[in-house]
Amino acid sequence: MSSTAGQVITCKAAVAWEAGKPLVIEEVEVAPPEAGEVRLKILYTSLCHTDVYFWEAKGQTPLFPRIFGHEAGGIVESVGEGVTHLKPGDHALPVFTGECGECSHCKSEESNMCDLLRINTDRGVMIHDSQTRFSIKGQPIYHFVGTSTFSEYTVVHAGCVAKVNPAAPLDKICVLSCGICTGLGATVNVAKPKPGSSVAIFGLGAVGLAAAEGARISGASRIIGVDLVSSRFEEAKKFGVNEFVNPKDHDKPVQQVIAEMTNGGVDRAVECTGSIQAMISAFECVHDGWGVAVLVGVPNKDDAFKTHPMNFLNERTLKGTFYGNYKPRTDLPSVVEKYMNGELELDKFITHTVAFSEINKAFDYMLKGESIRCIIRMGE
């Protein structure tokens, strides 16, 4: 075990004291892992739009002070009682959802929605004892989605930690913890386009670009990007997108535009915006007889999906996905290997890098729409 095992570690963390206010680098105490938990030394983390959304506290129960962050790569410092699949020194990715290995979802080949460890954005404490592992001078600091990677050390449930190839560069593969796998898996695991097929991607943010990368890897010949911001189209070409549609440029529904472009509709569509209209368009733009649409974006709570039942009867399929249908512990190591063997390109997703002391710059880049992913170097 490491020399710090079983002890409280004092380290730097970026603490959000209140909604929308810049994070503050503080000295925090990080308690040792309890049973079923792991303490990680975080080396690299990246900023995802979900962090920004909850930091702004728009539309959900605010919980502060809190340590955000959920895309990261690090090294296991120590493990709690009963943890057998990880040991100190292992390279690992913490994930906002998990795999307990025991529930009906974990035992099913068809699901990655673990009963125990699926994402919970409201919980700010550990499952084991409903306590936080972070504190400042005795004041508890809340966790975020069980990961809280904007800290040099963090404690995570062992079921939410994937052990990965130690040769893989953590400053690149850390982006697989959330958005990239969400989009990539939506295409390769759920939509499953055939070589030579056509795929429409709705929304060209990080998740949509990852979905496009999945279509490129799958050998799709026509990858149509759909976005309301035309300036995103140039960047999307790097991810295999070779045709573009801005719905604002047309006076007819975008599903009709796409159907006319593709002789009746695309083979597959992946929706990555959360806009209910985009979801309906994605479904209605796939070809009858074999078309499949996959929903990835998270809608507003009052949204309702409306389409004519004939669209289903004419043999179109609508599917949803969570985290690209990847089981974190089981599947993430093989996604890392896809990067290592050159099949999956990750470097092009990383547009900025900042030192941990300048973490608020990462928020600025995201809010201005300048970054796909910004890597934050811990310890600087």
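How does the radius of gyration of the chain sit beside that of a compact globule with 380 residues?

**Figure 1. The whole chain, seen as one predicted model.** Start with the overall picture. A compact globule with 380 residues would have a radius of gyration near 21 Å, and the chain has 21 Å, so the two agree. Along the principal axes, the C-alpha atoms fill a box of roughly 65 × 40 × 40 Å. Inside that box you can pick out 11 helices and 17 strands. Buried residues make up 53% of the 380 in the chain. Now look at who touches whom: of the contacts with a separation of 6 or more, 69% are between residues 24 or more positions apart. As for the outside, the accessible surface comes to about 15800 Å², and 50% of this belongs to carbon and sulfur atoms.

**Figure 2. The stretch that carries a domain annotation, residues 206-336.** The label here is borrowed from a record: an unreviewed UniProt entry annotates these residues as "domain: Alcohol dehydrogenase-like C-terminal". In the model, the span is 37% helix and 15% strand. Follow it from end to end and you'll find that its end C-alpha atoms lie 18 Å apart.

**Figure 3. Strand 5 and the two strands that pair with it.** On one side of the story is strand 4, residues 71-79, which pairs with strand 5 in the antiparallel sense over two bridges. To find your bearings, look for Ile75, whose bridge partner in strand 5 is His91. Strand 9, residues 161-163, also pairs with strand 5 in the antiparallel sense, this time over three bridges. Here Ala92 stands opposite Lys163. Which way do the side chains of strand 5 point? His91 and Leu93 go one way, while Ala92 and Pro94 go the other. That's the usual pattern, because side chains in a regular strand alternate between the two faces of the sheet. Whichever way they point, His91, Ala92, Leu93 and Pro94 are all buried.

**Figure 4. Val95, in the loop between strand 5 and helix 2.** Step off the end of strand 5 (91-94) and you land in the loop that leads to helix 2 (104-107), where Val95 is found. Is Val95 buried or exposed? Val95 has a relative accessible area of 0%, so it counts as buried. Leaving aside residues up to four places away in sequence, Val95 touches Thr147, Cys160, Ser177, Tyr323, Pro328 and Leu332. Glu71 is worth finding too: it is 24 residues from Val95 in sequence, yet the two are 7.1 Å apart in space, C-alpha to C-alpha.

**Figure 5. Strand 17 with strands 3 and 16 joined to it.** Strand 17 runs through residues 373-377 and is mostly covered, with four of its five residues buried. Strand 3, residues 37-46, runs antiparallel to strand 17 and is joined to it by three bridges. Strand 16, residues 350-355, runs parallel to strand 17, with five bridges joining them. Ile376 makes a handy landmark: Thr45 stands opposite this residue, and Val354 has it as a bridge partner. Add helix 11, residues 359-367, and you can trace a right-handed β-α-β unit made of strand 16, helix 11 and strand 17.

**Figure 6. Helix 1, packed against strand 3 and helix 11.** Helix 1 covers residues 49-56, and its buried residues include Asp51, Val52, Phe54 and Trp55. What do the buried residues of helix 1 pack against? Their neighbours are strand 3 and helix 11. Just after the helix comes Ala57, which takes a positive phi of about 55°.

**Figure 7. His352 and Ser371, two residues in contact.** Look for His352 in strand 16. With a relative accessibility of 18%, His352 is under the 20% cut-off and therefore counts as buried. Setting aside residues up to four places away in sequence, His352 touches Tyr365, Glu370, Ser371, Arg373, Cys374 and Ile375. Ser371 sits in the loop between helix 11 and strand 17. Ser371 is buried as well, because its relative accessible area is 13%. With the same sequence neighbours left out, Ser371 touches Thr351, His352, Tyr365 and Met366. Tyr365 turns up among the contacts of His352 and among those of Ser371.

Note on methods:
Residues are numbered from 1 along each chain as its sequence is written. This is a predicted model: local features need pLDDT of at least 70, side-chain atom pairs count only at pLDDT 80 or more; totals for chains, interfaces and linings use all residues. Side-chain values use heavy atoms; hydrogens and water are left out. Buried means under 20% relative accessible area, exposed over 50%, partly exposed in between (1.4 Å probe, protein chains only). Contact means heavy atoms within 4.5 Å. Two strands pair if DSSP finds at least two bridges between them. A crossover is right-handed if, with the strands pointing away from the viewer, the path from the first strand over the helix to the second runs clockwise. UniProt positions are given in the numbering used here, feature names are shortened, and annotations may be inferred rather than shown by experiment. The radius of gyration is taken over C-alpha atoms; the globule rule is 2.2 Å times the number of residues to the power 0.38. Accessible areas come from the Shrake-Rupley method with a 1.4 Å probe; for residues, only the protein chains shown count as cover.
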